[in-house]
Amino acid sequence: VAFSGDGAQVITASLDDNTTRVWDVASRTQVRQFEGNSFALVEGPCDERTRVRHVLTAKGDTLLIHEIAKERAENGVMAPSVGGMAPVACFKAPQHISTVRCRGATICVGCYRG
């Protein structure tokens, strides 16, 4: 479980159905669902014009990067938009991915058997 920096969204993962879900905290409703039960929440740099959030999920030996929210300043007010359902990028690991961690622009994956 992870909360977005502003507390507006929570990300959960389930081993039961191998999914990662994004929830809106205020309305208590599911906003998005992705395949993969290992995830990392990445909040990109925030400036006066744009703020972007991504969720990285692992499905077998593939790391999928999904844009879950992008906010752009319109007349001085941040206006949210939701990313598409398709991943914006993907990477293949040498083995099945067991963990995903991020720090800034660095993505680390832990694979079964090293």
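This report walks through a predicted model of a protein, from its overall make-up down to a few single residues.

## The big picture

Let's start with the basic parts. The protein has 0 helices and 11 strands, so the elements read from the N terminus are simply β-β-β-β-β-β-β-β-β-β-β. If you're hunting for a helix on the screen, there are 0 to find.

How much of the chain is tucked away? Of the 114 residues, 35% count as buried. On the outside, the protein exposes about 7,100 Å², and carbon and sulfur atoms supply 52% of that area. As for how the chain meets itself, take the contacts between residues at least 6 apart in sequence: 34% of them join residues at least 24 apart.

## A sheet of four strands

Now look at the start of the chain. Here an open sheet is built from 4 strands in the order β1-β2-β3-β4, and the pairing is antiparallel. The edges belong to β1 (2-3) and β4 (29-35); each has a single partner strand, so one side of each is left without a neighbour in the sheet.

Moving inward, β2 and β3 pair in the antiparallel sense over 6 bridges. One of the pairings to look for is V10, whose bridge partner in β3 is W23.

Strand β3 covers residues 19-24 and also pairs with β4, again in the antiparallel sense and over 6 bridges. You can trace this pairing residue by residue: T20 stands opposite F34, R21 has Q33 as its bridge partner, and D24 stands opposite T29.

## Two hairpin turns

What links these strands? Between β2 and β3 there is a hairpin with 4 residues between the strands, and in it N18 takes a positive phi near 55°. The hairpin of β3 and β4 also has 4 residues between its strands, and there R28 takes a positive phi near 60°.

Just before the turn from β2 to β3, stop at S14. This residue is found in strand β2, which spans residues 9-14. Is S14 buried or exposed? Its relative accessibility is 18%, and because buried means under 20%, S14 counts as buried. The side chain of S14 also makes a polar contact with the side chain of D17, at 3.1 Å.

## A nonpolar patch on the surface

Next, turn to the surface. V1, F3 and V25 form a nonpolar patch there, with about 320 Å² of accessible area together.

V1 sits in the segment before β1. With a relative accessible area of 76%, V1 is exposed, since the cut-off for that label is over 50%.

## Toward the other end: V109

Finally, jump along the chain to V109, which is found in strand β11 (residues 106-111). Its relative accessible area is 36%, so V109 counts as partly exposed.

Which residues does V109 touch, leaving aside those up to four places away in sequence? They are L63, I97, T99 and V100. There is also a pairing of positions worth a look: V109 and A58 are 51 residues apart along the chain, and their C-alpha atoms are separated by 8.9 Å.

Note on methods. Residues are numbered from 1 along each chain as its sequence is written. This is a predicted model: local features need pLDDT of at least 70, side-chain atom pairs count only at pLDDT 80 or more; totals for chains, interfaces and linings use all residues. Side-chain values use heavy atoms; hydrogens and water are left out. Two strands pair if DSSP finds at least two bridges between them. Buried means under 20% relative accessible area, exposed over 50%, partly exposed in between (1.4 Å probe, protein chains only). A polar contact is a pair of N or O atoms within 3.5 Å; within protein, one must be able to donate a hydrogen and the other to accept it, and residues adjacent in sequence count only if both atoms are side-chain atoms. Contact means heavy atoms within 4.5 Å. Patches are made of residues with over 30% relative accessible area and no salt bridge: like charges are joined within 9 Å, nonpolar side chains (Val, Leu, Ile, Met, Phe, Trp, Tyr) within 5 Å. Accessible areas come from the Shrake-Rupley method with a 1.4 Å probe; for residues, only the protein chains shown count as cover. A salt bridge is a side-chain nitrogen of Lys or Arg within 4 Å of a carboxyl oxygen of Asp or Glu.
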